[in-house]
Amino acid sequence: QVTDTTTKEGPSSPSYDWFQTDSLVTIVIYTKQKDINLDSIIVDHQNDSFRAETIIKDYSYLIHVGLSHEIQEDFSVRIIENVGKIEIVLKKRENMSWKCLGHPLEKHNSFLPKKDRGSYYRKCQLISKEDVTHDTKLFCLMLPPSTHLQVPIGQHVYLKLTITGTEIVKPYTPVFDSLLSEFKKPVLPNNKYIYFLIKIYPAGLFTPELDHLQIGDFVPVSSPEGNFKISKLQEVEDLFLLAAGTGFTPMVKILNCALINAPSLRKVKLMFFNKTEEDIIWRSQLEKLAFEDKRFDVEFVLSTPSSEWNGKQGHISPALLSEFLKGNSEKSKVLLCICGPTPFTEQGIRLLHDLNFSKDDIHSFTA
Ligand code: FAD
Ligand code: NAD
């Protein structure tokens, strides 16, 4: 059984070792941590560089080598949780004995705060693009076969495009391909597909270019970033989600994870702010889910509704929030997640503080 060696100064550095058989090379990372999983390790093998980044709390441990011999494209990653070990099993291209793993490349065997690591991009292929609303589309990107990467719940990645000679990056939050299918089939480990709901702004810098990509084109995708901790969902009883426009995207996986994995969960409520009915992402899926799972309720609020709309209207306000939050018992463990345009999020946080919710009760999604 591994003991957690984290001190006030942060976790202690992992180490690695490697061994081989005729056909395989196994790299073992000893993390000295208990709470590791397949999200904790990102592996990329591109050209002559083999890179395995282990994320431990807010730190990053990097193995970065030029392998001494060729390997096959696919490899496997295993977590041996109770001993805090990660195993990466590579398949040799030729059955021969390797004298060494390879030569060290930049920052090999280093352990740094994650923010000092710098980002790394791998080229993902555009597999499909489907209309979701009049201006929002579901993009599916495929990771290269020689990458292992899972985006943790509540985190985002950066996409990169070169626009008139300048590299531009913008953050996007992965979702599932649908709200409903995922409730039946669990996400497969080593899933190669990443889905995004992206609103195209005709006068925007990045999204029109993204929209011009053809199926089969490649887009560089960064490693995950973000500070949402899944442990926040562990004991939650009442989960309140406040989303505006594409601020809905982080809520997709949170909603799914809470309904499937949070044993203490009593109620999830989503208040979803949009301009008009046409702007609501996945409205019928949300309504169907609310019908099928009694723990989940959704309320749509429109800021510029048509005259036929007889639901809630306006911007986020004390009146809308008090009504939304009523029925929440003082004793229950609450989590409030909020995401949308910056003024929406800032105002929401202010109003929640006015209603006596503490910082710990609230998670806001920002850049
Ligand atoms: P921009 O060029 O930024 O313009 C956006 C809009 O503002 C356009 O209508 C433009 O005309 C207008 N505008 C630009 N400049 C001005 C100005 N000076 N004055 C007035 N109006 C102006 N978006 C998603 O769709 N899906 C996601 O999953 C998602 N996840 C995100 C995660 C994070 C952590 C963050 C911070 C943002 C996320 N976003 C997401 C937003 C995304 O990163 C981009 O900001 C968005 O796609 C707009 O990019 P753009 O370059 O096309 O538009
Ligand atoms: P939108 O313009 O369609 O507006 C949606 C709703 O937001 C409006 O109906 C209104 O209720 C509310 N709203 C807009 N401006 C407001 C204001 N000034 N004050 C109070 N409420 C306001 O929204 P959109 O174009 O879909 O934009 C979504 C925003 O969410 C973007 O700014 C994007 O960057 C952000 N976003 C952030 C993250 C993240 O940080 N993780 C993820 C996804 C999206």
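The shell around ligand 2 divides into 10 nonpolar, 12 polar and three charged residues. In this predicted model, 25 residues surround ligand 2, and Ala244, Gly245, Ser303, Pro343 and Phe365 come nearest. Three elements each supply at least two residues of the shell: helix H3 (249-261), strand S19 (267-274) and helix H6 (342-354). H6 gives the most, with three residues. Ligand 2 lies between domain 2 (121-222) and domain 3 (230-364), because both domains give residues to its shell.

The shell around ligand 1 comprises 18 residues. Ala203, Gly204, Phe206, Thr207 and Thr249 come nearest to ligand 1. Strand S14 and strand S16 (193-199) are the elements that give two or more residues to this shell. The largest share comes from S16, which contributes four residues. By class, the shell around ligand 1 has 10 nonpolar, six polar and two charged residues.

Strand S14 spans residues 166-172 and includes Lys170. Not counting residues up to four places away in sequence, Lys170 touches Tyr158, Leu159 and Phe206. Phe206 is also among the residues that come nearest to ligand 1. Is Lys170 buried or exposed, or something in between? Lys170 has 16 C-beta neighbours inside 10 Å, so it counts as partly exposed. A residue is buried at 20 or more such neighbours and exposed at 12 or fewer. Lys170 and Ser40 are 130 residues apart along the chain. Their C-alpha atoms are separated by 23 Å.

The protein is divided into three parts: domain 1 (15-116), domain 2 (121-222) and domain 3 (230-364). The centres of domain 1 and domain 2, taken over C-alpha atoms, are separated by 26 Å. Across the contact between these two domains, 11 residues of domain 1 meet nine residues of domain 2. On the domain 1 side, strand S3 (41-46) and strand S6 (71-80) each supply at least two residues. S3 provides the largest share of that side, six residues. The side of domain 1 that touches domain 2 holds five nonpolar, two polar and four charged residues.

Two residues show unusual backbone geometry. Most residues other than glycine have a negative phi. Lys32 is not a glycine, yet its phi is positive, at about 60°. Lys32 sits in the loop between strand S2 (24-30) and S3. That same S3 gives six residues to the side of domain 1 that touches domain 2. Lys32 has 20 other C-beta atoms within 10 Å and is therefore buried. Trp282 also has a positive phi, about 55°, although it is not a glycine. The loop that holds Trp282 runs between S19 and helix H4 (283-292). S19 is one of the elements that supply at least two residues of the shell around ligand 2. Trp282 counts as buried because it has 22 C-beta neighbours inside 10 Å.

At the level of the whole fold, the secondary structure comes to six helices and 23 strands. Along its principal axes the C-alpha trace spans about 75 × 50 × 35 Å. The radius of gyration is 22 Å. A compact globule of 367 residues would have a value near 21 Å, so the protein agrees with that expectation. Of the 367 residues, 31% count as buried. Among contacts with a separation of 6 or more, 70% join residues 24 or more positions apart.

Confidence scores accompany the prediction. The mean pLDDT of the protein is 93. For 95% of the residues, pLDDT reaches 70 or more. The model scores ipTM 0.97 and pTM 0.95. Where pLDDT is low, the predicted coordinates should not be read in detail.

How values were computed: Residues are numbered from 1 along each chain as its sequence is written. Chains are lettered from A and ligands numbered from 1 in the order in which they are written. This is a predicted model: local features need pLDDT of at least 70, side-chain atom pairs count only at pLDDT 80 or more; totals for chains, interfaces and linings use all residues. Domain bounds come from an automatic or database domain assignment. Two residues are in contact if their C-beta atoms, placed from the backbone, lie within 7 Å. Ala, Val, Leu, Ile, Met, Phe, Trp, Tyr, Cys and Pro count as nonpolar, Asp, Glu, Lys and Arg as charged, and the others, Gly among them, as polar. pLDDT is the predictor's confidence in each residue, from 0 to 100. A residue is near a molecule or strand if its C-beta atom, placed from the backbone, lies within 6 Å of it. The radius of gyration is taken over C-alpha atoms; the globule rule is 2.2 Å times the number of residues to the power 0.38.
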